[in-house]
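Hi everyone, thanks for coming. Please pull up the sequence and the model on your screens, and we'll walk through them together.

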Amino acid sequence: MNQTNKWAILSGVILAMLLSSLDQTIVSTAMPTIVQELHGLEHISWVFTAYMLGSTVTVPIYGKLSDMFGRRVLYLLGIGIFLAASMLCGLSQNMTQLIFFRALQGIGGGAMMVNSFAIIGEVFPPAERGKFQGFIGGIFGLSSIAGPLLGGWITDNTTWRWVFYVNIPLGVIAIVVLLATLPKIAPHHRDKTIDWLGAFFIAATLIPLLLSLVWGGSVYQWSSWQIISSLAFAAASLFIFIRVEGRARNPILSLTLFRNRVFIVSVAAMFLTAMGMFGVIIYVPIFSQGVIGGSATHAGLVLTPMMLSLVVASSVAGQVISRTGKYKVLAIAGTALTVAALFYFSTIDEHTSNISLIVRMVLLGAGLGATMPIFTLAVQSAFPMQRLGEVTAGTQLFRNIGGTVGTAILGGIMNSKLTEQASMLRSDPFVAQMKQLNTSGSGSHFDGTMLQSVLNQTNQEHIKQMLAKVPPNMQQQVYSNFEHFIGLAKVAFSAAVDSVFFVAACLMLVALIVVFFLPEIPLLKAKHPIVEEAGIMLEDEFGQSDDEAQPRTYTDTERKWQGDGNRLADS
């Protein structure tokens, strides 16, 4: 395959990946308008949750099926499902329909996500994958910037329905490009037995687990029977899943993966990295708007330096890996930089400037971006070609779960710290005055949510309008108390955010320790006739494969490769 065809395939894959990742963020700024028109404020969280569930649950299933039946068909099928669901989302007449079609979108997005990385692994040799997977990794950063901005612009200038319709022309272009360029790669599995039980029980494990993490502490208390029973059901399903996969003829997610040190270290690092990253994405814009000050639009743009830094670092890291064939030092350096950046974030306070915040974000983006292409590349290189979809899906699955777990843990810490800080402000003179004047509800109910809301500039303007109705002889004192209270609220909110970043830094510190155990295996610079056999040998070195039951005799060339991978890489 010539280089032109490879770039054409890459362009189609990038378009498909952009659609899948963009749709996780583009809806956020359109949601107020959607809720107003469809009258479903109480179901707003389900619009996001449905997509996440559909995508996460189907990733491991699509990964295995693509190994068995070929990636081309399933990839195009996933794009087709995604586009059909996008059209249906735009046509939705109520929130129930929108939620159902968002879940369908997620099912299509799951196929697109896992097969994008798998196709890169299929088309490009290991040493070349780094630079291309670096480009793909950068798509996630771009979507985080472009999604909310594009969603807001479309909603303001057309209608919220075009937030979904815009996928159609882009998706059609992606399908045309991929149909013309993507080769018909033969399936690697002769055994077409589908592990229906495994698919059922992995879904039965992930759905209640993810719902518990999303609902816990917000919709229901963590100690409620709803959360406890969901977690218990997930644990029981996981136990059955492990038993089923241990006996399955062709398991959805083989347990032998977890005997491979490259796989274990990589998914653990991705899990922890996703946990730490979400704290920044969620709370930096809130901190910027509430403490530093600025409009909602400015708060939406505040992550731009981090994401641009992430895209550049991801692309550069991919190039370095492709040129050197080495990735472990880069993984350690990138993770260490992320740890340092998060600890630096944990020192922000009410005096932090926009420039200081940008420096922190650039450092964090560089650290995250440097590691983004590494772990998927390492895992793909440690297994034979016939397991490429399965192992790629495994990495994506743990990344998604890590993000959900991180959101739940860091959100719980934030809520706890805000409540603690709010309790110390209940005796503040301004809160007492508001209680006496009965202009802001009841001061006795001042809590973490109210502490966060009072830092919103729009809410502050509403409070000032209410204070204007205070008797003239009291206005100066009340205004003075209000300004003093806002200062204390900024200090309290900063302290709560610092706790979130400190915990995120500790999680990343654990990830750094884990990365030191990542084996470095040689990355071939060209597709060699024995690449697949080499993959089996690599797998046998770090953990036995499913093929171990079949004894085989290695040729002299294969033994030479096993002894010195670099010589084969240069051949």
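Let me begin with a word I'll use a lot: two residues are in contact when they have heavy atoms within 4.5 Å of each other. Before we use it, some ground rules. This is a predicted model, where local features need pLDDT of at least 70 and side-chain atom pairs count only at pLDDT 80 or more, while totals for chains, interfaces and linings use all residues. Residues are numbered from 1 along each chain as its sequence is written, and side-chain values use heavy atoms, with hydrogens and water left out.

Now the overall picture. How many helices and strands does the protein have? There are 24 helices and zero strands. Helices here are DSSP runs of H or I with at least four residues, strands are runs of E with at least two, and both are numbered from the N terminus. Of the 571 residues in the protein, 55% are buried. Buried means under 20% relative accessible area, exposed means over 50%, and partly exposed is in between, using a 1.4 Å probe and protein chains only. Among contacts with a separation of 6 or more, 83% are between residues 24 or more positions apart.

Let's try the contact idea on one residue. Asn167 sits in helix H8, which covers residues 167-181. Is Asn167 buried or exposed? Its relative accessibility is 2%, so Asn167 counts as buried. If we skip neighbours within four places in sequence, Asn167 is in contact with Leu19, Asp23, Phe82, Leu83, Ser86 and Gln105.

Phe82 from that list turns up again where two helices pack. Helix H3 (residues 44-69) and helix H4 (residues 71-91) cross at roughly 160 degrees, and their axes come within 10 Å. Those axes are lines fitted to C-alpha atoms, for helices over the stretch in contact, and the angles run from 0 to 180 degrees between N-to-C directions. H3 is therefore roughly antiparallel to H4. For the cut-offs, angles under 35 degrees count as roughly parallel, over 145 as roughly antiparallel, 65 to 115 as roughly perpendicular, and the rest as oblique. The H3 and H4 crossing is right-handed; that is, the near helix is turned clockwise from the far one by less than a right angle, and anticlockwise would be left-handed. On the H3 side, the contact uses Tyr51, Tyr62, Leu65, Ser66 and Asp67, and on the H4 side Arg71, Leu74, Ile81 and Phe82. By class, the contact of H3 with H4 has six nonpolar, one polar and two charged residues. In this scheme Ala, Val, Leu, Ile, Met, Phe, Trp, Tyr, Cys and Pro are nonpolar, Asp, Glu, Lys and Arg are charged, and the others, Gly among them, are polar.

H4 also holds Leu77. Leu77 has a relative accessible area of 45%, so this residue is partly exposed. Its C-alpha atom is 7.7 Å from that of Gly108, which is 31 residues away along the chain.

H3 has another partner: helix H5 (residues 95-123) packs with H3 at about 35 degrees, with the axes 6 Å apart. This crossing of H3 past H5 is right-handed too. The H3 contact with H5 has 15 nonpolar, 10 polar and one charged residues.

Further along the chain, helix H17 (residues 388-423) packs against helix H21 (residues 472-515) at about 150 degrees, with axes 9 Å apart. H17 and H21 are therefore roughly antiparallel, and their crossing is right-handed. Their contact has 12 nonpolar, two polar and one charged residues.

H21 matters for the next topic as well, the cores. A nonpolar core is a set of buried Ala, Val, Leu, Ile, Met, Phe, Trp, Tyr and Cys residues joined through side-chain atoms within 4.5 Å. Which residues touch the most other members of the largest nonpolar core? Those are Val284 and Phe345, in a core of 102 residues. H21 gives the largest share of this core, 19 residues. A second, separate core has 23 residues, including Leu10, Val13, Leu83 and Leu182.

One last residue: Ile154, in helix H6 (residues 126-157). At 5% relative accessibility, Ile154 counts as buried. Ile154 and Thr29 lie 125 residues apart in sequence, and their C-alpha atoms are 9.6 Å apart in space.

Thanks for listening!
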